[in-house]
Structure formats: structure tokens, C-alpha cells
Amino acid sequence: MILIVNGEQHDLIAPTLSELLTLMEYEGDWLATAVNGEIVHREDRANHALNDNDRIEILSPMQGG
């Protein structure tokens, strides 16, 4: 399946957003996620099915000042 993650194309097998995050080694409760421009809340990631050519944005906060 082709997925666009943070603007980069990946050929991955990840049926759900939660599985994609695990596969790409994203961790933490503070991640923000969106699929095709729609925010996906943490509690919905395990049930959010991904489809070929979905555009996923994954953001994590940065510390510093």
C-alpha cells in the first residue's frame, strides 16, 4: 500500500493508523495525527483504517526555547 507520510511516499502494510505509528516507531501520547486533512484523535487511531494513497501527517512537540 502506498502512503504519503509527512510529504514522503512509503510503500507499507499498515491497516490502521495505530499500526502505522508502531511500524514507523512513533511513540508518545503527545503525537498529533491527521489523515487526508482530518484530525484523528488518539483514542480513534486503532480503529482508523488506512487506504492506498492516504496522506498522513504526524506531528510531535519539540522542546526548547
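Student: Which residue takes a positive phi in the hairpin of β1 and β2?

Tutor: That's asparagine 6, with a phi near 50°, and the hairpin has two residues between its strands. Keep in mind that this is a predicted model: local features need pLDDT of at least 70, side-chain atom pairs count only at pLDDT 80 or more, and totals for chains, interfaces and linings use all residues. Residues are numbered from 1 along each chain as its sequence is written, and side-chain values use heavy atoms, with hydrogens and water left out.

Student: How do you know that strand β1 and strand β2 pair?

Tutor: Count the bridges. Two strands pair if DSSP finds at least two bridges between them, and β1 (residues 2-5) and β2 (residues 8-11) have four, in the antiparallel sense. Those four meet the cut-off, so they pair. One of the bridges joins isoleucine 2 to aspartate 11 in β2.

Student: What makes β1 a strand at all?

Tutor: A strand is a DSSP run of E, at least two residues long, while a helix is a run of H or I of at least four, each kind numbered from the N terminus. Residues 2-5 make up β1, so that run clears the strand minimum. The whole chain has one helix and five strands, following the pattern β-β-α-β-β-β.

Student: Why are β2 and β4 said to stand at the edges?

Tutor: The open sheet runs β2-β1-β5-β3-β4, with mixed pairing. β2 and β4 have a single partner strand each, so one side of each is left without a neighbour in the sheet. Further in, β3 (residues 32-35) pairs with β5 in the antiparallel sense over four bridges, and threonine 33 has isoleucine 58 as its bridge partner in β5.

Student: Why is isoleucine 39 called exposed?

Tutor: Exposed means over 50% relative accessible area, buried means under 20%, and partly exposed is in between (1.4 Å probe, protein chains only). Isoleucine 39 has 66%, so it counts as exposed. This residue is in strand β4 (residues 38-40). Leaving aside neighbours within four places in sequence, isoleucine 39 is in contact (heavy atoms within 4.5 Å) with Thr33 and Ala34.

Student: And arginine 45, buried or exposed?

Tutor: Arginine 45 has a relative accessible area of 7%, so it is buried. Its place is the loop between β4 and β5 (55-59). Beyond four places in sequence, arginine 45 touches residues including Thr16, Leu17, Leu31 and Val40.

Student: Why does threonine 16 count as buried?

Tutor: Its relative accessible area is 13%, so threonine 16 falls under the buried limit. Threonine 16 sits in the loop between β2 and α1 (17-23). Not counting residues within four places in sequence, its contacts include Arg45, His48 and Leu50.

Student: What makes the largest nonpolar core a core?

Tutor: The label goes to a set of buried Ala, Val, Leu, Ile, Met, Phe, Trp, Tyr and Cys residues joined through side-chain atoms within 4.5 Å. The largest such set has 13 residues, with Leu17, Leu20, Leu50 and Ile56 making the most contacts inside it. α1 gives the most to this core, with three residues. Leucine 20 touches Leu3, Val5, Leu12, Ala14, Leu50 and Ile56, leaving out residues up to four places away in sequence.

Student: How do you know that the radius of gyration agrees with a compact globule?

Tutor: The radius is taken over C-alpha atoms, and the globule rule is 2.2 Å times the number of residues to the power 0.38. For 65 residues the expected value is near 11 Å, and the chain has 11 Å, so the two agree.
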